[in-house]
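Reader: I should like to go through this structure by question and answer. Please set out the reasoning in each case before giving the result.

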Amino acid sequence: MGQYIARRALVSIPVLLIASISVFAIVKATASPVAAIRSNPRVSQAAIEKYTHDLGLDKPPPEQYLTWLGNFIRGKWGTSIVTGRPVGPDIRDGLFNTMILGITSFLVSIVLGVGVGIFSAVRQYSFFDYLSTGSAFLGLSIPVFWFALILQIVFGLYLTNWFHLATPVLPTAGMFSPGATGIDLIDRIRHLILPVTVLSVQIVALYSRYTRAGMLDVLHSDYLRTARAKGLNERTVMMRHAMRNALTPLVSVAAIDVGALAGGLIVTETIFSWPGMGVLFISAMENGDYSVVLTWMMIVVAFVIVFNLIADILYAVLDPRIRYD
Amino acid sequence: MTDVTYFDPERDSARPVIAVEDLVAEFRTEAGIVRAVDGVSFDIAQKEVFAVVGESGCGKSTVALSVLGLLPQPAGRIAGGKVLFRGEDLVSASPARLRQVRGDRIAMIFQDPLSALNPTIRVGEQIAEVFRAHREIEPKVAWEQAVELLSIVGIPRALARAKDYPHQFSGGMRQRVMIAMAIALRPALLIADEPTTALDVTIQAQILEVLLDVRERFDMAILLITHDLGVVAGTADRVMVMYAGKKVEEAPALDLYRTPKHPYTWGLLGSTTRVDRPRTGSLPQIPGSPPSLLVPPPACRFAPRCPRVQPICRTDYPELRKVDVGQVAACHFAQDPGWGPAPEEVPA
Ligand SMILES: Nc1ncnc2c1ncn2[C@@H]1O[C@H](COP(=O)(O)OP(=O)(O)OP(=O)(O)O)[C@@H](O)[C@H]1O
Ligand code: SF4
Ligand SMILES: [Mg+2]
């Protein structure tokens, strides 16, 4: 087991390095760190050259890469050319905000999705099963932006007018009310409701399908019949023998999805003005904010790789057949 | 390897462990209701090895699963008859009572031990679980018992191997694990549904040996399901032959080989005693195939394939009739003197 984890972790290191080379090459090929200041007529040629030199851009590309990598690992992520502030805090905030939104949605979705999936499987072909299957396909086919806008209109406008309220039933933008001081938990939760709903509809739809399929496999398995033939009570049969094996694939899928979350939830964040990684990336791209784009991409890639590793490890923990291969 | 004297009909037959009466089991399918077992009766005495043979799909597993109330849900159901375990009807028993009997008084092992064992639980734990389900017992004691069972069924280094997972065992060893699990509480009846079919020929004999050994050790009766008459020959005391959901013949094992009275039985015998041909593992080279259970033939179900078919066979159902002590056959002509396979039908 320990050996398996060590081996998998070691493999991740070259993967990370190769990914960092690709990220560096791609960003370099598509954006120039001096383009933004060069287009500013008030910046002198000397200043541009000094800037170029400071960034090490007059050196050959491999050396530039190594310099950048060294700086990146030491946490020197550069400054934004738009705000003039260090990149670190912006990325950290974006990541944190995205994670609040994403993790909340995942928690809600896993509970709902697993519950619905298991119940559908146990009552296969029941009314509930057909209902949940239909809803899942609906949930997966609703376009995110459309659904988000509908929720905004309904909760921000229609219901508010209907009840003749002064403020919207649910806030439709931002993470907290303007002018709020300190952390008002109720206010934060109210701001989470609509974006979490939008995201959860998708994830519940997907995860309930995974769970149902996994559970059906297990329910029809020979070892479940064995468990019953042993005279185990139904609770033990379900909890010990069915659920654990049925949920193993979902656990890794969820771990991978959480890693991918670092890339932000571009559509949802944009519509709900949620200051997360997605919004940060869009604005950095628009402004040609080289340092932000480069750091952003590297962080996201690292997240994806690390969470893939976590998914592998979780799978091995849950399924002994993997560890001994 | 048969211990012919171990089961004594005189002594043991009077007290059947299990008596199945007129069992009818059905599956709901898209095409309609499949009556997989249609009015089958038999009983098994203490310590007896009772074999059920027949082609694939004739309803052997359905009989076995019906005894424990384990027909696949929701398609399957017992539509009639009784399963009397020491006189108590299990068909009408409450789910709680059934659960008590399962794994404790009646245990079962299956064809494919790899898929029948939970891949993510240590084998020792899967055995210990049986104790915990039925007895007040310390987990540690249950584990020790599990280890002991593993050595009883002949697994070397049982103490260490108890911590392994099913995929770390060979096919034969896995089936031994299944047997250990089944005999944990010394059941009165062990149901073995094709316990050797998935195994190599050399391993098959070992597993049968283990089964016979534990029956002797624990005084168990065994319901042995197989489609291999070669397995039956050295193992069973009595044999029931099934065809298309019906019982067509039953006899003490030796009589079945010496004087088969149902043409289907001698067809089976003809197809297995061909030692000159490599055994394919599956039974019959009887021409034709079994009838659809959705619309079975109206009278004798074997008529479409029977070498001796007569007009009456297509109009009247042949009830089981007694042909000898302990032998019955469902053929119109079974009681005719001299009725039996022609020499060319049973190759020497
Ligand atoms: N879950 C099910 N749904 C529908 N029909 C079934 C189901 N299980 C079994 N049957 C039908 O019942 C009949 C008897 O099946 P059963 O499994 O008892 O046969 P068997 O004698 O054990 O065959 P085998 O040698 O292949 O194991 C078959 O014709 C099969 O089509
Ligand atoms: S009753 Fe007729 S068809 Fe059926 S087995 Fe006997 S001879 Fe053959
Ligand atoms: Mg079967």
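Reader: Is Glu125(B) buried or exposed?

Author: In this predicted model, Glu125(B) pairs with Arg132(B) in a salt bridge whose closest N and O atoms are 2.8 Å apart. Arg132(B) is partly exposed at a relative accessible area of 32%. The limit for a buried residue is under 20%, and Glu125(B) has a relative accessibility of 18%, so Glu125(B) counts as buried.

Reader: Which residue forms a salt bridge with Arg305(B)?

Author: Arg305(B) lies in the loop between helix H12 (263-272) and strand E11 (321-324) of chain B, and its partner sits 250 residues away in the loop between strand E3 (49-53) and H2. Arg305(B) is buried, with a relative accessible area of 10%, and the partner is buried too, at 7%. The side chains meet at 3.0 Å, N to O, and the partner is Glu55(B).

Reader: Which residues of chain B are linked in a network of salt bridges?

Author: A salt bridge requires a side-chain nitrogen of Lys or Arg within 4 Å of a carboxyl oxygen of Asp or Glu. Over all chains, this rule gives a count of 27 salt bridges. The network in chain B consists of Glu26(B), Arg35(B), Asp38(B), Arg77(B), Lys246(B) and Arg301(B).

Reader: Which residue forms a salt bridge with Asp90(A)?

Author: Asp90(A) is buried, with a relative accessibility of 18%. Its partner is partly exposed, at a relative accessible area of 45%. The closest N and O atoms of the pair are 3.2 Å apart, and the partner is Arg85(A).

Reader: With which residues is Asn97(A) in contact, leaving aside its neighbours within four places in sequence?

Author: Asn97(A) belongs to helix H5 (residues 87-122) of chain A. At 10% relative accessibility, Asn97(A) counts as buried. Beyond its neighbours within four places in sequence, the residues in contact with Asn97(A) are Met175(A), Trp274(A), Pro275(A) and Gly276(A).

Reader: What is the area buried between chain A and chain B?

Author: The contact draws on 21 residues from chain A and 27 residues from chain B. On the chain A side, Arg225(A), Lys230(A) and Arg240(A) supply 27% of the area that chain A buries against chain B, more than any other three residues. Carbon and sulfur atoms give 57% of the total, and that total is about 2100 Å².

Reader: How many salt bridges are there between chain A and chain B?

Author: One salt bridge is formed by Lys230(A) with Glu129(B), with the closest N and O atoms 2.8 Å apart. Polar contacts across this interface amount to 14 residue pairs, both residues being at pLDDT 80 or more. The number of salt bridges between chain A and chain B is 3.

Reader: Which helix gives the most to the side of chain A that touches chain B?

Author: Helix H9 (222-229), helix H10 (234-261) and helix H14 (320-323) of chain A each supply at least two residues to that side. The residues on that side divide into 6 nonpolar, 6 polar and 9 charged. With 6 residues, the helix that gives the most is H9(A).

Reader: What is the radius of gyration of chain B?

Author: Chain B has 12 helices and 12 strands. The globule rule gives 20 Å for 348 residues, and chain B comes close to that value, so chain B is as compact as a globular protein of that length. Along the principal axes its C-alpha trace spans about 65 × 45 × 45 Å, and the radius of gyration of chain B is 20 Å.

Reader: How much of chain B do buried residues make up?

Author: Among contacts in chain B with a separation of 6 or more, 66% are accounted for by residues 24 or more positions apart. A residue is buried when its relative accessible area is under 20%. Of the 348 residues in chain B, the buried residues make up 56%.

Reader: Which peptide bond is cis, with omega near 0 degrees?

Author: Most peptide bonds are trans. The cis bond leads into Pro74(B), a residue in the loop between helix H2 (60-67) and strand E4 (76-85) of chain B. The bond runs from Gln73(B) to Pro74(B).

Reader: What is the phi of Glu194(B)?

Author: Most residues other than glycine have a negative phi. Glu194(B) lies in the loop between strand E7 (189-193) and helix H9 (201-218) of chain B, and is buried at a relative accessible area of 7%. Its phi is positive, near 50 degrees.

Conventions:
Residues numbered from 1 in each chain as written. Chains lettered and ligands numbered in written order. Predicted model: local features only at pLDDT ≥ 70, side-chain atom pairs only at ≥ 80, totals over all residues. Heavy atoms only, no water. Contact = heavy atoms within 4.5 Å. Buried area = accessible area lost by both parts, 1.4 Å probe. Polar contact = N/O pair within 3.5 Å; in protein donor to acceptor, adjacent residues only side chain to side chain. Helix = DSSP H or I, 4+ residues; strand = E, 2+ residues; numbered from the N terminus. Nonpolar A, V, L, I, M, F, W, Y, C, P; charged D, E, K, R; others polar. Rg over C-alpha atoms; globule rule 2.2 N^0.38 Å. Buried < 20%, exposed > 50% of the residue type's maximum accessible area, 1.4 Å probe, protein only.
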